[in-house]
Amino acid sequence: MSQSELERTYFQDGLHGNHCYGCGAWNDKGLQIKSFWDGDESVCIYQPKPHHSAMPPDVMNGGTIAAIIDCHGVCSAIADAYRTEGREVGDGEKIWYATASLTVNYRKPTRIDGPVTARARLTEKTDKKTMFEVDFFSHDGVLTCDASVLSLRVPSEWADPTGLFKHIDSNS
Ligand SMILES: CCCCCCCCCCCCCC(=O)SCCNC(=O)CCNC(=O)[C@H](O)C(C)(C)COP(=O)(O)OP(=O)(O)OC[C@H]1O[C@@H](n2cnc3c(N)ncnc32)[C@H](O)[C@@H]1OP(=O)(O)O
């Protein structure tokens with residue numbers, strides 16, 4: 001079932017303190033993407049800005065597209081894990097995933113002059129690994145990219161606001 005815009009609960013709003021460049025609602029300089037469930041699929045609609053262009057000013061930059069797909073895929077893995085446990089994103093014990101692998105096929109140029117849409121569906125899942133396949137559309141409905149995002153469940157150190165590497169250094 002489709003949620004109206006007013007009814008939507010965005011995954012990222014439950015990830016308190018997330019400063020990720022693509023999906024951190026607490027990163028003022030980031031993309032601040034928003035993702036929500038539409039039945040079994042997760043959806044992200046994003047309005048690119050003129051500075052998100054490739055060399056042609058009317059074409060969207062491939063790295064920005066990849067960042068949207070990456071973060072939408074990882075946030076979908078996190079939201080799926082909460083949903084499996086019957087919890088809202090961010091409620092109770094925290095669940096974190098990170099990107100292990102990202103593949104993007106750029107099939108057609110993406111128009112920058114309107115909102116782009118990423119639609120993701122779960123294709124593989126184990127306790128630690130979650131794979132989402134993502135279709136990416138320009139505002140005129142053209143499928144411009146298809147992608148896959150493999151997310152791996154990671155420990156809570158990834159959410160330490162003071163940084164991750166001190167935990168890695170102390171473990172090695
Ligand atoms: C305060 C709040 C903060 C909020 C923060 C949260 C924001 C969230 C949003 C952030 C969004 C932004 C996202 C970002 O930007 S996250 C930033 C970009 N990503 C990274 O920096 C990740 C770096 N990589 C790692 O840390 C490790 O390699 C990870 C954790 C990914 C795996 O660790 P590890 O290597 O120890 O894993 P394992 O040995 O237990 O293997 C487990 C299974 O996984 C399979 N496998 C592993 N790698 C790959 C691969 N590349 N392709 C295919 N498969 C792979 C492996 O074969 C095995 O399979 P199986 O044998 O079980 O079948």
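I began with the strand pairing and found that β1, residues 35–38, pairs with β2 in the antiparallel sense over four bridges. I kept in mind throughout that this is a predicted model.

For the register of this pairing I looked up S35, and its bridge partner in β2 is C44. I then followed the chain through the turn: β1 and β2 form a hairpin with two residues between them, and I noted that G39 in that turn has a positive phi of about 65°.

Next I turned to the largest nonpolar core, which has 32 residues, and I recorded I68, I69, C71, I78, V134 and F136 as the members that touch the most other members. I listed β2, α1, β4 (116–125), β5 (129–137) and β6 as elements that each supply at least two residues of this core, with the largest share, ten residues, coming from α1.

I picked I68 for a closer look and, leaving aside residues up to four places away in sequence, I found that I68 touches G22, L31, I33, C44, Y46 and A118. I noted that C44 in this list is also the bridge partner of S35.

Last, I examined the surroundings of the ligand, where I counted 23 residues, of which G17, N18, V74, A98 and A100 come nearest. The elements that I found giving two or more residues to this shell are α1 (62–84), β3 (96–106) and β6 (143–154), and β3 gives the most, with five residues. Sorting the shell by class, I entered 15 nonpolar, five polar and three charged residues.

Definitions and conventions: Residues numbered from 1 in each chain as written. Predicted model: local features only at pLDDT ≥ 70, side-chain atom pairs only at ≥ 80, totals over all residues. Near = placed C-beta within 6 Å. Nonpolar A, V, L, I, M, F, W, Y, C, P; charged D, E, K, R; others polar. Core = buried A, V, L, I, M, F, W, Y, C linked by C-beta atoms within 7 Å. Buried ≥ 20, exposed ≤ 12 C-beta atoms within 10 Å, placed from the backbone. Contact = placed C-beta atoms within 7 Å. Pairing = 2+ DSSP bridges.
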